[in-house]
Amino acid sequence: MPARTTNLPSLTTTPTTPTTPTTPTTPTTPTTPTTTPAIPALGGRKPNFRERVVDVLRAALISGELRPGEVYSAPGLAPRLGVSATPVREAMLELVKEGMVDVVPNKGFRIKVVSEKELDEYTHVRSLIEIPTTVGLAATADPDDLKALRPLALEIVTSAARGDLIAYVEADLRFHLRLLALAGNDHLVVVVRDLRRRARLYGLTALVQAGRLEASAHEHIELLDALLARDGDAVRDIMTRHLGHVRGLWAARE
């Protein structure tokens with residue numbers, strides 16, 4: 001089956017860093033592309049190139065750039081990422097281990113179809129974990145740790161404004177996992193990371209086209225402001241609304 005055209009970013013160029021109050025964006029120039037983009041990962045460790053390919057493909061799958069039920073080949077996806085087929089094949093095999101895709105012999109990889117019931121259940125479990133944990137951070141989190149998350153919240157808004165769904169999904173995942181990590185429970189972070197990777201946000205494209213994704217992205221800044229104000233009730237309201245988008249606006253249900 002021919003590979004479906006997707007809006008995947010090239011991995012051979014370093015992504016533009018969003019402007020923050022202290023670090024101005026460095027203009028990009030048409031110079032020789034780099035081969036190891038400096039993309040931050042959880043724990044402050046830079047991912048290797050294969051991990052970067054995995055991250056991009058996973059985000060493409062979550063956002064719907066890679067469609068459920070369709071078969072994609074590594075050679076077909078590689079040009080869209082600006083890499084060879086080998087790291088793409090290795091990345092897809094990693095997603096097979098995560099249960100997100102299946103191997104189709106002599107053809108490539110089929111994106112698994114996730115039922116509405118499964119997606120509802122994943123989101124329900126997330127709400128049971130993420131809402132009370134984040135509310136608790138309003139009383140316990142170090143203000144400096146919360147302020148350190150603001151550039152990442154701004155990156156989410158910038159990605160939404162550009163209509164870059166893959167960057168949006170990646171930044172959103174990093175933001176929420178780093179926030180939850182402030183609670184000091186590593187097992188909780190692992191569980192939520194797995195549940196978030198199982199999400200399917202097929203409504204994001206429509207939100208970008210309607211100019212509504214940026215407004216939703218601003219909720220991350222609103223959440224940080226409420227946490228810094230030690231307003232647990234406001235944090236609960238924001239998180240409840242935010243998670244509601246997962247099976248509402250972001251899932252094309254509204």
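The largest cavity in this predicted model has a volume of about 130 Å³. In total, two cavities reach 30 Å³ or more. As a reminder of the principle, rolling a probe the size of a water molecule over the atoms shows where empty space is left.

Let me turn to the walls of the largest cavity. Twelve residues line it, and those nearest its centre are Ile-62, Val-169, Asp-172, Arg-196 and Leu-201. Two elements, α7 and α8 (186–197), each give two or more residues to this lining. Of the contributors, α7 gives the most, with four residues. By class, the lining comprises eight nonpolar and four charged residues, with no polar ones.

I would now like to follow helix α7, which spans residues 165–181 and contains Asp-172. Is Asp-172 buried or exposed? Its relative accessibility is 8%, and therefore Asp-172 counts as buried. Beyond its neighbours up to four places away in sequence, Asp-172 touches Ile-156, Arg-196, His-220 and His-242. Arg-196 thus appears twice in this account: as a contact of Asp-172, and among the lining residues nearest the centre of the largest cavity.

The general geometry of a helix is useful at this point. An α-helix has 3.6 residues a turn, so residues three or four places apart point the same way. His-176 also lies in helix α7. At 2% relative accessibility, His-176 is counted as buried. Leaving out residues up to four places away in sequence, His-176 touches Glu-130, Arg-196, His-220, Met-239 and His-242. Arg-196, His-220 and His-242 are likewise contacts of Asp-172. His-176 and Leu-152, 24 residues apart in sequence, have their C-alpha atoms 9.8 Å apart in space.

His-220 leads us to helix α11, where His-220 is one of the buried residues. How many of the ten residues of α11 are buried? The count is seven, so this helix, residues 219–228, is largely enclosed by the rest of the structure. The buried set consists of Glu-219, His-220, Ile-221, Leu-223, Leu-224, Ala-226 and Leu-227. Their packing partners are α4 (116–140), α5 (143–147), α6 (150–162), α7, α10 (213–217) and α12 (232–246). Just after α11, Arg-230 adopts a positive phi of about 60°.

Leu-227 connects α11 to the next topic, the nonpolar cores. The largest of these has 58 residues, and Leu-57, Val-88, Met-92, Phe-175 and Leu-227 have the most contacts inside it. Helix α1 (residues 49–63) supplies the largest share of this core, eight residues. Outside the window of four places in sequence, Leu-227 touches Thr-134, Leu-137, Ala-138, Leu-146, Leu-179 and Val-235. There is also a second, separate core of seven residues, including Leu-173, Leu-177, Val-189 and Val-192.

Finally, the chain as a whole. The protein chain has twelve helices and three strands. Of its 254 residues, 46% count as buried. Considering contacts between residues at least 6 apart in sequence, 72% join residues at least 24 apart. The exposed area of the protein chain is about 12300 Å², of which carbon and sulfur atoms supply 54%.

Key
Residues numbered from 1 in each chain as written. Predicted model: local features only at pLDDT ≥ 70, side-chain atom pairs only at ≥ 80, totals over all residues. Heavy atoms only, no water. Buried < 20%, exposed > 50% of the residue type's maximum accessible area, 1.4 Å probe, protein only. Contact = heavy atoms within 4.5 Å. 1 Å grid on protein atoms, 1.4 Å probe; cavity = no way out; pocket = protein on both sides within 12 Å on 5 of 7 lines; lining within 4 Å. Points joined across faces, edges and corners; volume = space filled by probe spheres on them. Nonpolar A, V, L, I, M, F, W, Y, C, P; charged D, E, K, R; others polar. Areas by Shrake-Rupley, 256 points an atom, 1.4 Å probe, with all protein chains shown as cover. Core = buried A, V, L, I, M, F, W, Y, C linked by side-chain atoms within 4.5 Å.
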